[in-house]
Amino acid sequence: MKNLGYYNGRVGLIEEISVPMTDRAFYFGDGVYDAVMCRNNIPYLLFEHVNRLYQNCHLLGITPPKTKEELSHLIKELVKLVDGEEKFVYFHVSRGSGIREHTFTEGKGNLCITIKPQKVDNVFEKMDLAVTNDYRYSYCNIKTLNLLPSVLSAQLAKDNRCEETVFVRDGYITECSHSNISILKNGELITAPADKHILPGVTRAHLIEEARKHNIPVREEKYTLDDLYSADEIIVTSSSKMARGVKTICRKPVGGKDEERLRILRDSIYNSYLASTKAHERRE
Ligand code: PLP
């Protein structure tokens, strides 16, 4: 298949699967989602992403319709149906179904999955970033379907011929519209703390792990826009970007002062993806 849509047991092309108007995702964005890269039909770091989805369901009182094991198994089976070497797997659970009313519906959530061919970014290409105020609410640690600020800031990036937009909240950098951001300064990796103002990215956790492995001290601390501009390097992380350097912010050149550590971190994350998803090898 060229792509795949799944909704509560129904499978077809994304363009052909319909979702009932009673689904609470439709009115309220009342649900949570996650996404993984997949190569050679091996979803990368699936365990971590499925775990995060279930934690988010728990935080919002949503009852997933399947166990973690059932969902992981289903994803591993569905990816085989889609053409291509590299794919992007998106999955969400909405709270459930009912006539529109703000208070919770009873029962289990609805499961929606989409799978489409997609390559990871070219990790060797540095990015251009835009900047905006972080006008999101204060549960950014939950990967909710409510993505309006993310949509608006992603469009801001596009309108400015950039790839991502950095959020600044009360003078401090939080993250980007759909990725985390960290800096290298004086040989240390500095990244915003995993509080309610950022999504605790799976790739961010991997970046921290790789930094420690390579004797790069890590500080999970707040840092400012000035710190970003004066950083030795800036690293943007997400499942589809892996770890990428940055060349400009609002068209001003940045980074380029610690290429060695940037290369170590970028390559170890990308190589770990390639190694874990080598054909005929299963990591989990
Ligand atoms: N921050 C936000 C707001 C995101 O939407 C994402 C990914 O979608 C990330 C960070 C990166 O998370 P991960 O590395 O788990 O893909």
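**Exercise 1. Classify Cys250 as buried, partly exposed or exposed, and place Cys250 in the chain.**

Step 1. In this predicted model, Cys250 has a relative accessible area of 40%.
Step 2. Buried means under 20% and exposed means over 50%, with partly exposed in between. Cys250 is therefore partly exposed.
Step 3. Cys250 sits in the loop between strand 14 (242-249) and strand 15 (252-253).
Step 4. The phi of Cys250 is positive, about 45°, although Cys250 is not a glycine.

**Exercise 2. Do the same for Asn41, and state where a positive phi follows helix 5.**

Step 1. Asn41 has 23% relative accessibility, so Asn41 counts as partly exposed.
Step 2. Asn41 belongs to the loop between strand 3 (31-39) and strand 4 (42-43).
Step 3. Asn41 is not a glycine, yet its phi is positive, at about 60°.
Step 4. After helix 5 comes Asn215, with a positive phi near 60°.

**Exercise 3. Check the length of helix 5 against the expected span, then list its buried residues.**

Step 1. Helix 5 covers residues 202-213, which is 12 residues.
Step 2. The expected span is 1.5 Å times one less than the number of residues. For helix 5 this should come to 16 Å.
Step 3. The end C-alpha atoms of helix 5 are 17 Å apart, which agrees.
Step 4. The buried residues of helix 5 are Val202, Thr203, Arg204, His206, Leu207, Ile208, Glu210 and Ala211.
Step 5. A general point helps in reading such a list: an α-helix has 3.6 residues a turn, so residues three or four places apart point the same way.

**Exercise 4. Describe the surroundings of Ile269 and trace its link to helix 5.**

Step 1. Ile269 is part of helix 7 (residues 259-276).
Step 2. Its relative accessible area is 1%, so Ile269 is buried.
Step 3. Beyond neighbours within four places in sequence, Ile269 contacts Tyr44, Thr203, His206, Leu207, Glu210, Met242 and Ala243.
Step 4. Of these contacts, Thr203 lies in helix 5 and is buried, with a relative accessible area of 9%.
Step 5. Seen from the other side, Thr203 touches Thr237, Ser238, Ser239, Met242 and Ile269, leaving out residues up to four places away in sequence.

**Exercise 5. Which residues come nearest to the ligand, and which polar side-chain atoms lie by its oxygen and nitrogen atoms?**

Step 1. Of the 17 residues around the ligand, the nearest are Lys143, Glu175, Val202, Thr203 and Ser239.
Step 2. Lys143 places a polar side-chain atom 2.7 Å from a ligand oxygen atom.
Step 3. An N or O atom in the side chain of Ser239 is 2.7 Å from an oxygen atom of the ligand.
Step 4. For Glu175, a polar side-chain atom lies 2.6 Å from a nitrogen atom of the ligand.

**Exercise 6. How many aromatic pairs are there, and how is the pair of Tyr137 and Tyr139 arranged?**

Step 1. With ring centres within 6.5 Å as the cut-off, the count is eight aromatic pairs.
Step 2. Tyr137 and Tyr139 are one such pair, at 5.5 Å centre to centre with 80° between the planes. Planes over 60 degrees apart count as edge-to-face, so this pair is edge-to-face.
Step 3. Tyr137 is partly exposed at 43% relative accessible area, and Tyr139 is partly exposed at 41%.
Step 4. Ring pairs also join Tyr44, Phe124, Tyr270 and Tyr273 into a cluster.

**Exercise 7. Which rings have Arg95 and Lys222 over their faces?**

Step 1. Arg95 lies over the face of Phe104, 3.5 Å from the ring centre.
Step 2. Lys222 lies over the face of Tyr172, 4.8 Å from the ring centre.

Terms used. Residues are numbered from 1 along each chain as its sequence is written. This is a predicted model: local features need pLDDT of at least 70, side-chain atom pairs count only at pLDDT 80 or more; totals for chains, interfaces and linings use all residues. Side-chain values use heavy atoms; hydrogens and water are left out. Helices (H or I, at least four residues) and strands (E, at least two) are DSSP runs, numbered from the N terminus. Buried means under 20% relative accessible area, exposed over 50%, partly exposed in between (1.4 Å probe, protein chains only). Contact means heavy atoms within 4.5 Å. Rings of Phe, Tyr and Trp (its six-membered ring) pair if their centres lie within 6.5 Å; planes under 30 degrees apart count as stacked, over 60 as edge-to-face and the rest as tilted. A charge sits over a ring if NZ of Lys or CZ of Arg is within 6 Å of the ring centre and within 35 degrees of the ring normal. A residue is near a molecule or strand if one of its heavy atoms lies within 4 Å of it. A polar contact is a pair of N or O atoms within 3.5 Å; within protein, one must be able to donate a hydrogen and the other to accept it, and residues adjacent in sequence count only if both atoms are side-chain atoms.
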